Amino acid sequence: MQANQIFEAFNNLRVLIVGDVMIDSYIFGKVDRISPEAPIPVVNVKRKEIRLGGAGNVAMNIKSLGGTPILCSVVGNDADGNDLIKLLEESHLPTEGIIQSNNRITTVKQRVLAGSQHVVRIDSEMDGPITTNERQQLIEKAHSLANSCDVIIFEDYDKGALDAESIQSIVSFAKTKGIPTIVDPKKRNFLHYQGTDIFKPNLKELKEGLKIDFDAKNLEEVKTAVASAKQTLGVNGLFLTLSENGVFIDYQGEIHHIPAHLRSITDVSGAGDTVVSIAAMCLALKLSPKTIAAMSNLGGGLVCEYVGVVPIEKERLKVEFQKHA
């Protein structure tokens, strides 16, 4: 499939994203002085902004790529939860997969920035597991919504929306329907994704999740670690992001290392969301493991050139992909 055909085909894809959705809140300002009350900078606020975060940022990446993202998650029945629903509506995204709970608060990550510098981040969250009833609602919604989707992304931030039971129920359902699955994991559920198609940790997550160590610059060590991890995790493929050392994929009998491209890195926030979004779209189109890795690697690098968590620009990714293909 040629680049033009791939990017055109993205427009027809429907992507179910199950996991932890949150709000990314930004306070942009300027620092001219140090506080007389304590040795801390005083930020003079110039602008405030809220964006979809966590699984919501993955949804914005899918939308930016031309696909239709459908979020499935549990958030608080609170003002922030209402803001999140409003953000989805303003972005013309479906809201039927969002369950509002009286038992939880909506996760908000508030970042204070002076110019391009992060001054502080303030998190409001409850990361305990959702209730049994909420889990059942989530599973039922995921099953119902998955019927019309081409791929499922598990977007796990350890905030409690996912657990072993819900993961395995959704994976089993996906298998019966022939829907491919991809995972952006965190520590708590790291070992619970048996049977998924592509498992996409970063280097730190893989080392901590399996309590292993290896030299990321030694490709033979990476190859051995990834093969072992695939077997331990019981997944069909493993796609490892290695920051400045690029990415490594072991899937469908193919093994590839794609080096990172030289970039002016401004902010790495959200790069993993972009990588899993592109990989999911490629997986849905049954593209080769090498194409999955190469395009995702390009996209992850491109979003690092911007301040804050931002979705990928489809046309820029297309141009870069054609240049490097």
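**Cavities and a helix pair**

About 70 Å³ of space lies in the largest cavity of this structure, which, I should say at the outset, is a predicted model. When the whole structure is searched, two cavities of 30 Å³ or more are found, and I will speak here about the largest of them before turning to a pair of helices.

Let me go around the lining of that largest cavity, which is formed by Asp20 and Val21, then Ser73, Val74 and Val75, then Arg104, Ile105, Thr106 and Thr107, and finally Met126, Lys159 and Ala161. Which element gives the largest share of this lining? That is strand E4, residues 68-76, which contributes three residues. Sorted by class, the lining of the largest cavity holds six nonpolar residues, together with three polar and three charged ones.

Now to the helices. The axes of helix H9, residues 289-303, and helix H10, residues 314-324, come within 10 Å and cross at roughly 130°. Because angles over 145 degrees would count as roughly antiparallel and those from 65 to 115 as roughly perpendicular, this angle makes H9 oblique to H10. As for its hand, the crossing of H9 and H10 is right-handed. On the H9 side the contact is made by Thr291, Met295, Leu298, Gly299 and Leu302, while H10 brings Arg316, Leu317, Glu320, Phe321 and His324. Taken by class, the residues in this contact of H9 with H10 comprise five nonpolar, three polar and two charged.

Note on methods:
Residues numbered from 1 in each chain as written. Predicted model: local features only at pLDDT ≥ 70, side-chain atom pairs only at ≥ 80, totals over all residues. Heavy atoms only, no water. 1 Å grid on protein atoms, 1.4 Å probe; cavity = no way out; pocket = protein on both sides within 12 Å on 5 of 7 lines; lining within 4 Å. Points joined across faces, edges and corners; volume = space filled by probe spheres on them. Helix = DSSP H or I, 4+ residues; strand = E, 2+ residues; numbered from the N terminus. Nonpolar A, V, L, I, M, F, W, Y, C, P; charged D, E, K, R; others polar. Axes fitted to C-alpha atoms, helices over the stretch in contact; angles between N-to-C directions. Parallel < 35°, antiparallel > 145°, perpendicular 65-115°, else oblique. Left-handed = near helix turned anticlockwise from the far one by under 90°. Contact = heavy atoms within 4.5 Å.
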